[in-house]
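Me: I am still learning to read structures, and I would like a careful look at one place and its surroundings. Please go slowly and explain the terms as they come up.

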Amino acid sequence: MSTATGLCVGCLRTLDEIAAWGQMSPAERTAVMGQIKLRKLAKSHEKAS
Amino acid sequence: MTQALPSSMRFIERDWLSANQILFFEDDGSASVVDTGYVKHAALTCALLERLLGGRPLTRILNTHLHSDHCGGNAALAQQFGAAILVPSGSFQLARDWQLEALSFAATGQRCERFIPDGSIHPGQQFNLGSLAWEVHAAAGHDPQSIMLFAPAHRILISADALWEDGFGVTFPELSGESGFQEQQEVLDRIESLQPTMVIPGHGPIFFALDSALARARARLAWLKEDPVRNARYALKVLVKFIMLDLEQATEALLIEQLGSAQVFRDASAQAGLSAEQALHWSLESLVKAGALRRQGELLISP
């Protein structure tokens with residue numbers, strides 16, 4: 001976990017998202033995947049700037 | 001048909017380096033956990049459990065078997081929460097004495113922080129977890145000492161690496177010429193006779209379609225039995241990918257240092273008719289071709 005962002009450096013999920021993942025419905029998982037996509041974008045922008 | 005987990009249970013789905021955790025809330029306010037992941041992720045496992053425990057004391061850790069991806073968080077969890085560690089009876093003394101070779105850590109080139117088991121569980125035993133009665137069943141094949149847990153009232157099976165949604169764990173005993181396929185067959189027969197409606201595997205999501213999972217596992221077992229070199233090649237790729245998940249990036253020279261003297265890797269190489277160096281090279285090529293690894297100059301990288 002990154003102490004700065006609170007995200008897993010590997011999968012870009014929060015602790016709560018990882019803890020709940022096993023019990024999520026497919027729709028909930030898709031929603032988290034969407035969030036991860038946004039985080040990835042934000043991360044690559046950070047790197048670029 | 002899907003089915004909800006009983007309210008006293010939580011399922012933490014992890015990955016291929018760390019096996020899944022199953023957390024149980026007991027009537028007396030305490031909690032128990034089955035399997036603890038790989039040592040590299042021990043801090044994350046502690047943090048996940050702390051979050052889900054919400055202040056409850058974790059009093060028991062159970063292991064389905066003592067492979068490094070299932071018991072690598074034992075030491076950290078026992079230290080942080082003071083939990084007692086219960087292991088399969090066949091592995092108890094080895095773990096007490098921390099016999100590295102016999103425990104499979106050194107023999108696979110994998111790591112595990114030393115822990116001290118406090119007690120054992122054995123097939124045939126009844127066990128209460130999360131205020132539910134669980135039967136302990138033998139699950140040899142992947143590991144001769146492995147157990148699985150079955151709750152008859154809810155027809156839930158905790159299958160460890162004996163049955164996944166698509167396949168099962170490497171049949172390790174066969175690599176050194178011991179019997180494993182027959183035991184794997186017996187485990188699948190036992191699972192079929194139990195007829196669970198919900199299976200919580202050691203890796204991957206919970207699944208409900210037992211018949212199709214058993215059919216895939218049986219087809220795979222028949223394919224492996226037909227030519228045991230297939231089991232050896234599968235083992236080689238699994239061992240290399242596992243080390244790469246641990247190291248994240250490495251040169252071929254470092255990998256041969258890690259795996260070349262590991263007995264299980266040597267056995268699998270010999271069974272595949274290759275030297276350890278050839279076996280490593282072949283595994284890397286296969287994993288790169290499959291997209292499970294990529295090469296960047298001298299470096300192999302786990303994506």
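Where in chain B is the place of B:Ser146?

Reply: B:Ser146 lies in the loop between strand E8 (132-138) and strand E9 (147-151) of chain B. Before going further, please keep in mind that this is a predicted model, in which local features need pLDDT of at least 70, side-chain atom pairs count only at pLDDT 80 or more, and totals for chains, interfaces and linings use all residues. Residues are numbered from 1 along each chain as its sequence is written, chains are lettered from A and ligands numbered from 1 in the order in which they are written, and side-chain values use heavy atoms, with hydrogens and water left out. The names of helices (H or I, at least four residues) and strands (E, at least two) refer to DSSP runs, numbered from the N terminus.

The relative accessibility of B:Ser146 is 4%, and it therefore counts as buried; the word means under 20% relative accessible area, while exposed means over 50% and partly exposed lies in between (1.4 Å probe, protein chains only). Leaving aside residues up to four places away in sequence, B:Ser146 touches B:Thr64, B:His65, B:His137, B:Ala138, B:Ala139, B:Ala140 and B:Ala160, where contact means heavy atoms within 4.5 Å.

From this loop we can turn to an open sheet of chain B, whose six strands follow one another in the order E1-E2-E3-E4-E5-E6 with mixed pairing; two strands pair if DSSP finds at least two bridges between them. At its edges are strand E1 (9-12) and strand E6 (119-121) of chain B, each of which pairs on one side only. Neighbouring strands of this sheet are turned by 25° against each other on average, direction ignored, and for such angles the axes are lines fitted to C-alpha atoms (for helices over the stretch in contact), with values from 0 to 180 degrees between N-to-C directions.

The mixed pairing can be followed strand by strand. Strand E2 (residues 21-25) and strand E3 (residues 31-34) of chain B run antiparallel and are joined by four bridges, and within this pair B:Phe24 stands opposite B:Ser32 in E3(B). E4(B) and E5(B), by contrast, run parallel and are joined by three bridges, with B:Leu62 opposite B:Leu86 in E5(B). E5(B) then pairs with E6(B) in the parallel sense, over three bridges, and here B:Pro88 has B:Ile121 in E6(B) as its bridge partner. Because four of its five residues are buried, E5(B) is largely enclosed by the rest of the structure.

Two helices of chain B lie across parts of this sheet. Helix H1 (residues 42-53) lies across E1, E2, E3 and strand E4 (58-62) of chain B, and runs at about 30° to E2(B). Helix H4 (residues 89-97) of chain B lies across strand E5 (84-88) and E6, running at about 120° to E5(B).

One residue of the edge strand E6 of chain B deserves a separate look, namely B:Ser120. Its relative accessibility is 32%, so B:Ser120 counts as partly exposed. Not counting residues up to four places away in sequence, B:Ser120 touches B:Leu86, B:Val87, B:Pro88, B:Ser89, B:Phe92 and B:Gln125. From C-alpha to C-alpha, B:Ser120 and B:Gln93 are 9.5 Å apart in space, although 27 residues separate them in sequence.

Chain B also holds an open sheet of three strands, in the order E12-E14-E13, with antiparallel pairing. Strand E12 (249-251) and strand E13 (294-296) of chain B stand at its edges with a single partner strand each, so one side of each is left without a neighbour in the sheet. The twist from one strand to the next averages 30°. Three bridges join E12(B) to strand E14 (residues 299-301) of chain B in the antiparallel sense, and the bridge partner of B:Ala250 in E14(B) is B:Leu300.

Here, too, helices lie across the strands. Helix H9 (residues 252-259) of chain B lies across E12, E13 and E14, at about 90° to E12(B), while helix H11 (residues 276-289) of chain B lies across E13 and E14, at about 105° to E13(B). As for chain A, it has two helices and zero strands, and buried residues make up 33% of its 49 residues.
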